[in-house]
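Thanks, everyone, for making the time this morning. I would like to walk you through one structure, so please have a look at it before I begin.

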Amino acid sequence: MSVETITSVKNPLVASLRALKTAKARRETGLFLVEGETMLNEALSSGLVPRALLAEAETPLAARFPEARLVTRGVLEAVCDTKTPQGMCAAFELPPPRALSDAPRTLVALDGVQDPGNVGTILRTADAFDCDGVFLVNACADPYSPKTARATMGAVFRRDVYQCTADELCALLQKSNLPLYGTALRNDTVSLRDAELSRAAVAIGSEGRGLSAEILSKCEKTIKIPMSPRCESLNAAVAASVVLWEMYR
């Protein structure tokens with residue numbers, strides 16, 4: 001690691017990493033930002049390509065990066081998304097687009113879920129229950145934004161995530177011979193307890209709007225989560241967690 005400590009947020013390297021808070025910069029550079037030693041180790045263990053590291057103190061992790069610099073606390077705070085950074089952050093290359101596995105069993109499609117915390121929590125849960133992939137449709141939160149990635153607790157580095165259109169999703173499901181079910185109320189709605197989910201894809205809508213008409217029209221059937229009649233709906237992340245557990249057990 002360089003002995004010189006960067007003290008200015010106008011430093012070119014600092015400025016380039018600071019810009020990765022925006023989706024535009026992530027798309028243009030093919031990089032995203034990871035904060036904290038735990039998450040950096042998760043990213044490295046998952047085989048992501050490291051590019052640049054900023055740290056407050058000397059660290060053995062510096063040897064893993066082509067470019068590594070010491071920075072002041074003020075610089076780190078300017079670059080990181082968190083109010084109290086955990087001593088270091090780094091840029092990694094975005095993972096290349098992945099092909100859907102040959103024989104997926106369980107998939108989840110998020111339809112317009114824009115809250116980074118919800119998307120991150122769902123990815124984390126999908127990882128816990130060995131879901132074969134998570135599809136993000138209709139302007140969901142970017143899985144590689146700092147807030148979303150942090151909420152996944154490293155799952156975004158391990159689990160397959162696909163950003164696509166509704167038509168692309170349906171084409172992939174048809175190729176894999178997987179039915180698409182939606183969490184919504186319709187004439188064909190069945191209880192989650194009675195749904196056959198050992199080989200299926202389930203669409204989860206946003207808490208406020210539910211499933212879009214576009215996705216709902218593509219669902220073979222709809223399912224509902226049994227709950228107290230005094231409750232109308234669940235948070236998207238909670239609903240997805242219940243569905244993922246049923247798919248796994």
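I will talk about one pair of helices, then about two pockets, and then about the inside of the protein. Please keep in mind throughout that this is a predicted model.

Let me begin with the helices α5, residues 116-128, and α10, residues 236-248, whose axes come within 9 Å and cross at roughly 15°. Because angles under 35 degrees count as roughly parallel, α5 is roughly parallel to α10. The crossing in which α5 passes α10 is right-handed. If you look at where the two helices meet, α5 brings Asn118, Thr121, Ile122, Thr125 and Ala126, while α10 brings Ala236, Ala237, Ala240, Ser241 and Leu244. Sorted by class, this contact between α5 and α10 holds six nonpolar and four polar residues, and no charged ones.

Now to the pockets. The largest pocket has a volume of about 560 Å³, and of the 21 residues lining it, Thr183, Ala184, Glu232, Ser233 and Leu234 are the closest to its centre. Helix α10 comes back here, since the elements giving two or more residues to the lining of this largest pocket are β11 (200-205), β12 (221-224) and α10. The lining of the largest pocket divides into 12 nonpolar, six polar and three charged residues.

The second largest pocket holds about 480 Å³ of space, and it is lined by 19 residues, with Pro95, Pro97, Tyr144, Val161 and Gln163 lying nearest its centre. Here α2, residues 23-29, and β8, residues 161-163, each supply at least two residues of the lining. By class, the lining of the second largest pocket has 13 nonpolar residues, one polar residue and five charged residues.

That leaves the space that is closed off, so how many cavities of 30 Å³ or more does the model contain? The count comes to one cavity, and about 60 Å³ of space lies in it. The residues that line this cavity are Leu33, Val34, Glu35, Met39, Pro146, Ala149 and Arg150, and the elements that give two or more residues to this lining are β2, residues 31-35, and α6, residues 146-152. By class, five of the lining residues are nonpolar and two are charged, with no polar ones.

To return to where I started, the element I would ask you to look at again is α10, which crosses α5 at roughly 15° and also gives two or more residues to the lining of the largest pocket. I am happy to take questions.

Note on methods: Residues are numbered from 1 along each chain as its sequence is written. This is a predicted model: local features need pLDDT of at least 70, side-chain atom pairs count only at pLDDT 80 or more; totals for chains, interfaces and linings use all residues. Side-chain values use heavy atoms; hydrogens and water are left out. On a 1 Å grid over the protein atoms alone, a cavity is a set of points where a 1.4 Å probe fits but cannot get out, and a pocket is an open set with protein on both sides within 12 Å along at least five of seven lines; lining residues have an atom within 4 Å of a point. Grid points are joined across faces, edges and corners, and a volume is the space filled by probe spheres set on the points. Helices (H or I, at least four residues) and strands (E, at least two) are DSSP runs, numbered from the N terminus. Ala, Val, Leu, Ile, Met, Phe, Trp, Tyr, Cys and Pro count as nonpolar, Asp, Glu, Lys and Arg as charged, and the others, Gly among them, as polar. Axes are lines fitted to C-alpha atoms, for helices over the stretch in contact, and angles run from 0 to 180 degrees between N-to-C directions. Angles under 35 degrees count as roughly parallel, over 145 as roughly antiparallel, 65 to 115 as roughly perpendicular and the rest as oblique. A crossing is left-handed if the near helix is turned anticlockwise from the far one by less than a right angle, and right-handed if clockwise. Contact means heavy atoms within 4.5 Å.
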